[in-house]
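Visitor: Could you skip the grand tour and take a close look with me at one part of this model: whatever hollow space there is, and what lines it? Put it in context, please, and keep it chatty.

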Amino acid sequence: MRFIVFFNDHPKVMNFDIRAWDNATQHPNFRGEMTHNLFIKHFRFNPDNVFLLGDIIYNQTTKQWEIDTKRPLVSLCQNKEQQQELVQFVQQTIQQKFAHNHEAIRQSLWEQEQIRQQQIQKHFETLVR
């Protein structure tokens, strides 16, 4: 699953918020998967309010949601302390939101399997050459 952390500047909120979506989410005006950039564009987020972009996966062994270390975490924070706070915020929020959501867990495991299959296919293609 992908996530984005942004500052919600609505007068009643004025706090950091998180949005998460699975990689199979389609953008209505484009072919293919919804990337972070397309998500920002589609929902008309102010790019200056975006602080953290990344991917999160469900770990079957620990039964926890974790930030995917195989994919880069993009931080637009000014300092490392704020970045660490936002990473903790992401992990806590995702865990609370999706801990018992079997559909999200199933989707995350399916995405991980698809990525694994793509890596195996690329590996075999390089061996054949």
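**Around the hollows**

Guide: Let's start with the background: of the 129 residues in the chain, 35% are buried. Keep in mind that this is a predicted model. The chain has five strands and three helices, and walking along the sequence you meet them as β-β-α-β-β-β-α-α. The C-alpha trace spans about 55 × 35 × 30 Å along its principal axes. Take the contacts between residues at least 6 apart in sequence, and 52% of them join residues at least 24 apart. On the outside, the accessible surface comes to about 9000 Å², with carbon and sulfur atoms accounting for 50% of that. As for charge, there are 15 positive and 14 negative side chains, and the centres of those two sets lie 5 Å apart.

Now for the part you asked about. The largest pocket has a volume of about 280 Å³. Two elements give two or more residues to its lining, namely β4 (64–67) and α3 (102–128). Helix α3 makes the largest contribution, four residues: these are Gln112, Ile115, Arg116 and Gln119. From β4 come Glu66 and Ile67. Carry on along the chain and you find Asp68, Thr69, Lys70 and Arg71 in the pocket lining too, and Ile57 is another residue on that list.

There is a cavity to look at as well. Searching the whole structure for cavities of 30 Å³ or more turns up one, and the largest cavity holds about 40 Å³ of space. Helix α3 is again involved: it gives the most to the cavity lining, with four residues, and these are Ser108, Glu111, Gln112 and Ile115. Strand β3 (50–59) also supplies at least two residues; Asp55, Ile56 and Ile57 are the ones to find on screen. Met1, Asn23, Asp68 and Arg71 are on the cavity list too.

Put the two linings side by side and some names come up twice. Ile57, Asp68, Arg71, Gln112 and Ile115 line the largest pocket and also the largest cavity. If you want a place to park the camera, try those residues.

While you're zoomed in, a few other spots deserve a glance. Gln83 sits in helix α2 (residues 80–98). Its relative accessible area is 14%, under the 20% cut-off, so Gln83 counts as buried. Leaving out residues up to four places away in sequence, Gln83 touches Leu73, Ser75 and Cys77.

Then there are two loop residues with backbone angles to check. Met14, in the loop between β1 (2–8) and β2 (15–21), has a phi near 45°, a positive value in a residue other than glycine. At 46% relative accessibility, Met14 is partly exposed. Arg44, in the loop between α1 (36–42) and β3, also has a positive phi, near 55°. Its relative accessible area is 76%, over the 50% cut-off, so Arg44 is exposed.

Methods: Residues are numbered from 1 along each chain as its sequence is written. This is a predicted model: local features need pLDDT of at least 70, side-chain atom pairs count only at pLDDT 80 or more; totals for chains, interfaces and linings use all residues. Side-chain values use heavy atoms; hydrogens and water are left out. Buried means under 20% relative accessible area, exposed over 50%, partly exposed in between (1.4 Å probe, protein chains only). Contact means heavy atoms within 4.5 Å. Accessible areas come from the Shrake-Rupley method with a 1.4 Å probe; for residues, only the protein chains shown count as cover. Lys and Arg count as positive and Asp and Glu as negative; His and the chain ends are not counted. The place of a charge is taken as NZ of Lys, CZ of Arg, CG of Asp or CD of Glu. On a 1 Å grid over the protein atoms alone, a cavity is a set of points where a 1.4 Å probe fits but cannot get out, and a pocket is an open set with protein on both sides within 12 Å along at least five of seven lines; lining residues have an atom within 4 Å of a point. Grid points are joined across faces, edges and corners, and a volume is the space filled by probe spheres set on the points.
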